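Hi everyone, thanks for coming. Today I'd like to walk you through one protein model, a piece at a time. Have a look at it with me.

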Amino acid sequence: MVQQIIVITDGCSNVGLDPVTAAAQAREENIVVNVIGVVDEGDFGLRGTREIEEMAKSGGGLSKIIHSKQLSQTVQMMTRKTVVHTIQQVVNEELQHIIGSTTSLEDLHPDQREKVVDVIEDLEENMTLRVVLLVDASASMKPKINAVEDAVHDLMLSLQAREGRSEVSLFHFPGSKNKNEPAEMDLDWSTEFAIMKRLFYKINMRGATPTGPALLKVIEYMVHKRSDDEVKMLDGKKDIHKKGAMLSDYIV
C-alpha cells in the first residue's frame, strides 16, 4: 500500500507544532507528505516557501507553489509520482538484496530488465493507494476553494481508472465545529467519489493555520485505520515486498 497526505495551503503555519516535525513523524509511519502552496496574487514569501519545501522534504514527498489554475494537474502529478517513487524504492531494495548493494535496474541484462519492469508496472496499476487531502480552510483560502473542489474531483476520476483499490479521505484545518480541534474529518476512507464534491459547501472557512497539529491528527487517523484494516485487506508494505520477492525468479 502507498499512503500519502497532500497538504493544500496558502500560508504559513501559525499555531502549535512545527509542521516539519509532524511531517517527519509521518515518514516514520511510511506515510508520504506532499505539499502544495496556492498563491494567486503576490508570492508566498521566504518563510512560507521554506516551510513548504522543508515540510515536503521531511515527509519524503514533493512540494510546489502554484497558481490555483494549476492545482488539479499538480495534485494528480504528485499522487502519480509518489506511487512510482515508492515502488521504485522497494524494487531497488529487492535488487540490492538479491544481487548486491551497487546493483540497479539499469545493470540488469535486457531480458531480465524487461521482466522486472513488467512487475513494476503491475504494481503501479494494482497496488492499494490511500490519499488524505488536508485542506487549509483559513479565511484566506476562501477564494481558492472552487479550484480545490475541482482538483479533488479530477483526482477522483483519475483514480477510478486504476485497477487497484484507491481510497480517499478529506480533512480540513482548523476544525469548524470545535475551535480546539486542529483538523476536522469531512470524509472517512471512501471509494464513493461522487459524494466528495458535495462536502465542500459545509466547510466554514475561518481562523488560523495549525498545519503541524492538523498533520499529527491525520497521521493518527491513518495509522489507526491501517491497523483496523490489516485483517481485512492486503497490507501494502508487505504486499509490495511480496511482489518485489517475485524479482528473484527473474534475476537469479
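Let's start with one small detail. Please find Thr-86: a polar atom of the Thr-86 side chain sits 2.8 Å from the backbone oxygen of Thr-82. Thr-86 belongs to helix H3. Is Thr-86 buried or exposed? Thr-86 is buried, because its relative accessible area is 14%, and buried means under 20%.

Before we go further, please keep in mind that this is a predicted model.

Now let's step back to the whole chain. How many helices and strands does the protein chain have? There are eight helices and six strands. If you walk along from the N terminus, the elements come in the order β-α-β-α-β-α-α-β-α-β-β-α-α-α. The protein chain has 252 residues, and 51% of them are buried. The area that the chain exposes is about 12,400 Å², with carbon and sulfur atoms supplying 47% of it. And here is a number about how the chain meets itself: take the contacts between residues at least 6 apart in sequence, and 81% of those join residues at least 24 apart.

Next, the inside. The largest nonpolar core has 41 residues, and the members that touch the most others are Ile-8, Ile-36, Leu-71, Val-75 and Val-148. Which elements supply at least two residues each to this core? On the strand side they are S1 (2-9), S2 (31-38), S4 (129-136) and S5 (166-173), and on the helix side H3 (71-98), H4 (110-126) and H5 (145-160). Let's zoom in on Ile-8. Setting aside neighbours within four places in sequence, the contacts of Ile-8 include Ile-36, Leu-71, Val-75 and Val-148. Val-38, Leu-134, Met-141 and Phe-173 are also among the contacts of Ile-8. There is a second, separate core too, with 25 residues, and Val-33, Ala-214, Ile-219 and Tyr-221 are among them.

That brings me to Ala-22, which sits in helix H1. Ala-22 is buried, with a relative accessible area of 0%. What does Ala-22 touch, not counting residues up to four places away in sequence? The answer is Leu-17, Gly-212, Leu-215, Leu-216 and Ile-219. You can also compare sequence and space here: Ala-22 and Gly-59 are 37 residues apart in sequence, and their C-alpha atoms are 8.3 Å apart.

Now for charges. Side chains of opposite charge can pair when their charged atoms come close. A search of the whole structure finds four salt bridges. One of them joins Lys-144 and Asp-10, with 3.1 Å between the closest N and O atoms. Lys-144 is in the loop between S4 and H5, while Asp-10 is in the loop between S1 and helix H1 (19-28), so this pair ties together parts that are 134 residues apart in sequence. Both partners are covered: Lys-144 is buried at a relative accessible area of 11%, and Asp-10 is buried at 16%.

Another salt bridge runs between Arg-130 and Glu-167, whose closest N and O atoms are 2.7 Å apart. Here strand S4 holds Arg-130 and strand S5 holds Glu-167, so the pair ties together parts that are 37 residues apart in sequence. Arg-130 and Glu-167 are buried.

Glu-167 has a further partner, Arg-165, and the closest N and O atoms of that salt bridge are 2.8 Å apart. Through shared partners, Arg-130, Arg-165 and Glu-167 form one network. How covered are the two residues of this second pair? Glu-167 counts as buried at 5% relative accessibility, whereas Arg-165 is partly exposed, with a relative accessible area of 44%.

Let's stay with S5 a moment. S5 and S6 run antiparallel, joined by four bridges. One pair to look for is Phe-171 with its bridge partner in S6, Met-185. Strand S6 (residues 184-190) is mostly covered, as five of its seven residues are buried.

Finally, two backbone details. The peptide bond from Phe-173 to Pro-174 is cis, with omega near 0 degrees, and Pro-174 lies in the loop between S5 and S6. The other one is Asn-30, in the loop between H1 and S2. Phi of Asn-30 is near 60 degrees, a positive value in a residue other than glycine. Asn-30 counts as partly exposed, at 47% relative accessibility.

That's my tour. Thank you for listening!

Definitions and conventions
Residues numbered from 1 in each chain as written. Predicted model: local features only at pLDDT ≥ 70, side-chain atom pairs only at ≥ 80, totals over all residues. Heavy atoms only, no water. Buried < 20%, exposed > 50% of the residue type's maximum accessible area, 1.4 Å probe, protein only. Contact = heavy atoms within 4.5 Å. Areas by Shrake-Rupley, 256 points an atom, 1.4 Å probe, with all protein chains shown as cover. Core = buried A, V, L, I, M, F, W, Y, C linked by side-chain atoms within 4.5 Å. Salt bridge = Lys/Arg side-chain N within 4 Å of Asp/Glu carboxyl O. Polar contact = N/O pair within 3.5 Å; in protein donor to acceptor, adjacent residues only side chain to side chain. Pairing = 2+ DSSP bridges.
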